Amino acid sequence: AVAMVLVEVFSQDGHAVDVAGNGEEAIEKLQRRSYDVIVCDIRMPRLSGPGLYDVLAQWNPQVLSRMLFLTGDILSPQTQEFLRRTGVSALDKPFALEDIRQAVQYILRNHAHR
């Protein structure tokens, strides 16, 4: 449900949007094309957000600065350690749409295709 809301919001903002249902599907899509921003849930089926991050760190590290994580699990020690270790941007769920818009714009301004 969150993904569909974000598709609608970002599409209305003029962005081309693609969705992966899990981390493995995200890897398949990332192998086929480049993305300016990757918005990723910490908890996904088949390959978690941290798992996706670790795969990308080995295979395509230049995309890591273009990742934004969403989490409803900020209190989990594993999530806290992952966010601390990587320094990747993250928003806690529930988040305001304006917050995610600003976070995406920040990535676009400062990290797109570097």
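**Exercise 1. Place Arg 101 on the scale from buried to exposed, then identify its salt-bridge partner and the parts of the chain that the pair connects.**

Solution. Arg 101 has a relative accessible area of 25%, and because buried means under 20% and exposed over 50%, Arg 101 is partly exposed. The model examined here and in the exercises below is a predicted one. The partner of Arg 101 is Asp 13, with 2.7 Å between the closest N and O atoms of the salt bridge. Asp 13 belongs to the loop between helix 1 (2-12) and helix 2, whereas Arg 101 belongs to helix 5 (residues 97-110), so the salt bridge ties together parts that are 88 residues apart in sequence. Asp 13, with a relative accessible area of 36%, is likewise partly exposed.

**Exercise 2. Examine the salt bridge between Glu 25 and Lys 29, and decide for each residue whether it is buried or partly exposed.**

Solution. The side chains of Glu 25 and Lys 29 meet at 4.0 Å, N to O, and a salt bridge requires a separation within 4 Å. Both residues lie in helix 2, four residues apart, which is about one turn of the helix. Glu 25 has a relative accessible area of 27% and is therefore partly exposed, while Lys 29, with a relative accessible area of 16%, is buried. The pair is also part of a network of salt bridges in which Asp 18 is linked with Glu 25 and Lys 29. In total, the structure holds seven salt bridges.

**Exercise 3. Determine which elements the salt bridge between Asp 54 and Arg 85 ties together, and classify the accessibility of both residues.**

Solution. The closest N and O atoms of Asp 54 and Arg 85 are 3.5 Å apart. Asp 54 lies in helix 3 and Arg 85 in helix 4, so this salt bridge ties together parts that are 31 residues apart in sequence. Asp 54, at 35% relative accessibility, counts as partly exposed, and Arg 85, with a relative accessible area of 45%, is partly exposed as well.

**Exercise 4. Work out how Tyr 53, Phe 69 and Phe 82 are linked into a cluster by ring pairs.**

Solution. The structure holds three aromatic pairs. In one of them, the rings of Tyr 53 and Phe 82 have their centres 5.4 Å apart and their planes at 85°; since planes over 60 degrees apart count as edge-to-face, this pair is edge-to-face. Tyr 53 is in helix 3 and Phe 82 in helix 4, so the pair connects parts that are 29 residues apart in sequence. Phe 69 and Phe 82 form a further edge-to-face pair, with 5.2 Å from centre to centre and 80° between the planes. Phe 69 lies in strand 2 and Phe 82 in helix 4, so here the parts tied together are 13 residues apart in sequence. Phe 69 is buried, with a relative accessible area of 0%, and Phe 82 counts as buried at 4% relative accessibility.

**Exercise 5. Describe the largest nonpolar core and the surroundings of Leu 52.**

Solution. The largest nonpolar core has 19 residues, and those with the most contacts inside it are Leu 52, Met 67 and Phe 69. Two or more residues each come from helix 2 (23-32), strand 1 (38-41), helix 3 (49-59), strand 2 (67-71) and helix 4 (77-86). Leaving aside neighbours within four places in sequence, the contacts of Leu 52 include Ala 26, Ile 27, Leu 30, Cys 40 and Met 67. Apart from this core lies another one, of 11 residues, among them Phe 10, Val 37, Leu 70 and Ala 103.

Terms used. Residues are numbered from 1 along each chain as its sequence is written. This is a predicted model: local features need pLDDT of at least 70, side-chain atom pairs count only at pLDDT 80 or more; totals for chains, interfaces and linings use all residues. Side-chain values use heavy atoms; hydrogens and water are left out. A nonpolar core is a set of buried Ala, Val, Leu, Ile, Met, Phe, Trp, Tyr and Cys residues joined through side-chain atoms within 4.5 Å. Buried means under 20% relative accessible area, exposed over 50%, partly exposed in between (1.4 Å probe, protein chains only). Contact means heavy atoms within 4.5 Å. Rings of Phe, Tyr and Trp (its six-membered ring) pair if their centres lie within 6.5 Å; planes under 30 degrees apart count as stacked, over 60 as edge-to-face and the rest as tilted.
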